[in-house]
Amino acid sequence: QVQLVESGGGLGQAGGSLRLACAASGSIFRIIDMGWYRQARGNQRELDAHITSGGTTNYADFVKARFTISRDNAKNTMYLQMNSLKPEDTAVYYCNTDLFDSRGNRRDYWGKGTLVTVSS
């Protein structure tokens with residue numbers, strides 16, 4: 001069993017900052033890729049940012065230069081620093097990871113999400 005737990009969501013102000021964290025725990029052998037996704041009400045889930053095991057990152061155009069994804073491999077934890085927040089960033093943010101579990105199976109896991117609300 002692998003668990004992903006997001007934290008750091010809440011209420012932010014336009015122009016302000018929030019920092020999300022995603023901690024992975026359980027029967028993990030090695031985490032490959034990790035990513036942050038958002039799902040606003042009535043919309044499909046979409047990728048915000050992605051980071052490989054080697055630290056290569058890529059971002060959706062709508063968060064470039066505002067959000068920064070990072071990871072601490074020793075702690076199996078990923079972060080999303082969200083700066084210059086906009087009301088349209090309001091969404092539930094989900095952590096995703098592609099990993100090998102302790103049995104050698106490669107699987108994809110999702111967290112339960114954390115709500116970010118940005119007021120204008």
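**Exercise 1. Place T68 in the chain and decide whether it is buried or exposed.**

Step 1. Find the element. T68 lies in strand β7, residues 67-72. Strands here are DSSP runs of E with at least two residues, and helices are runs of H or I with at least four; both are numbered from the N terminus.

Step 2. Know the model. This is a predicted model, in which local features need pLDDT of at least 70, side-chain atom pairs count only at pLDDT 80 or more, and totals for chains, interfaces and linings use all residues. Residues are numbered from 1 along each chain as its sequence is written, and side-chain values use heavy atoms, with hydrogens and water left out.

Step 3. Read the accessibility. Buried means under 20% relative accessible area, exposed means over 50%, and partly exposed is in between (1.4 Å probe, protein chains only). T68 has 43% relative accessibility, so T68 counts as partly exposed.

Step 4. List the contacts. A contact means heavy atoms within 4.5 Å. Leaving aside neighbours within four places in sequence, T68 touches Y59, Y79, L80 and Q81.

Step 5. Check one distance. T68 and T57 are 11 residues apart along the chain, and their C-alpha atoms are separated by 8.9 Å.

**Exercise 2. Describe the overall build of the protein.**

Step 1. Count the elements. The protein has 11 strands and zero helices. From the N terminus on, the order is β-β-β-β-β-β-β-β-β-β-β.

Step 2. Test compactness. The radius of gyration is taken over C-alpha atoms, and the globule rule is 2.2 Å times the number of residues to the power 0.38. The protein has a radius of gyration of 14 Å, close to the 14 Å that the rule gives for 120 residues, so it is as compact as a globular protein of that length.

Step 3. Add the dimensions. The C-alpha trace spans about 45 × 25 × 25 Å along its principal axes.

Step 4. Look at burial and contacts. Of the 120 residues, 39% count as buried. Among contacts with a separation of 6 or more, 53% come from residues 24 or more positions apart.

**Exercise 3. Find the disulfide and say which strands it links.**

Step 1. Search. A disulfide is a pair of cysteine sulfur atoms within 2.5 Å. The whole structure holds one.

Step 2. Name the pair. C22 and C95 form the disulfide, with sulfur atoms 1.9 Å apart. The link of C22 and C95 is left-handed, with -65 degrees about the S-S bond.

Step 3. Place the ends. C22 is in strand β3 (residues 18-26) and C95 is in strand β9; they are 73 residues apart, so the pair links distant parts of the chain. Both C22 and C95 are buried.

**Exercise 4. Trace the partners of strand β4.**

Step 1. Apply the rule. Two strands pair if DSSP finds at least two bridges between them.

Step 2. Take β9. Strand β4 (residues 28-39) is joined to β9 by 10 bridges, and the two run antiparallel. M34 stands opposite T97 in β9.

Step 3. Take β5. Five bridges join β4 to strand β5 (residues 46-51), again antiparallel. The bridge partner of G35 in β5 is H50.

Step 4. Inspect the turn. β4 and β5 form a hairpin with six residues between them, and G42 in the turn has a positive phi of about 85 degrees.

**Exercise 5. Examine D98.**

Step 1. Locate the residue. D98 is found in strand β9, residues 91-101. D98 is buried because its relative accessible area is 15%.

Step 2. Find its polar partner. A polar contact is a pair of N or O atoms within 3.5 Å; within protein, one must be able to donate a hydrogen and the other to accept it, and residues adjacent in sequence count only if both atoms are side-chain atoms. The side chains of D98 and R106 are joined by a polar contact of 2.6 Å.

Step 3. Complete the surroundings. Beyond neighbours within four places in sequence, D98 is in contact with I31, I32, D33, R106, R107 and D108.

**Exercise 6. Which residues have the most contacts inside the largest nonpolar core?**

Step 1. Define the core. A nonpolar core is a set of buried Ala, Val, Leu, Ile, Met, Phe, Trp, Tyr and Cys residues joined through side-chain atoms within 4.5 Å.

Step 2. Read off the residues. The largest core has 27 residues, and W36, M78, L80, M82 and Y93 have the most contacts inside it.

Step 3. Name the contributors. Elements giving two or more residues to this core include β1 (2-7), β8 (77-82) and β11 (114-119).
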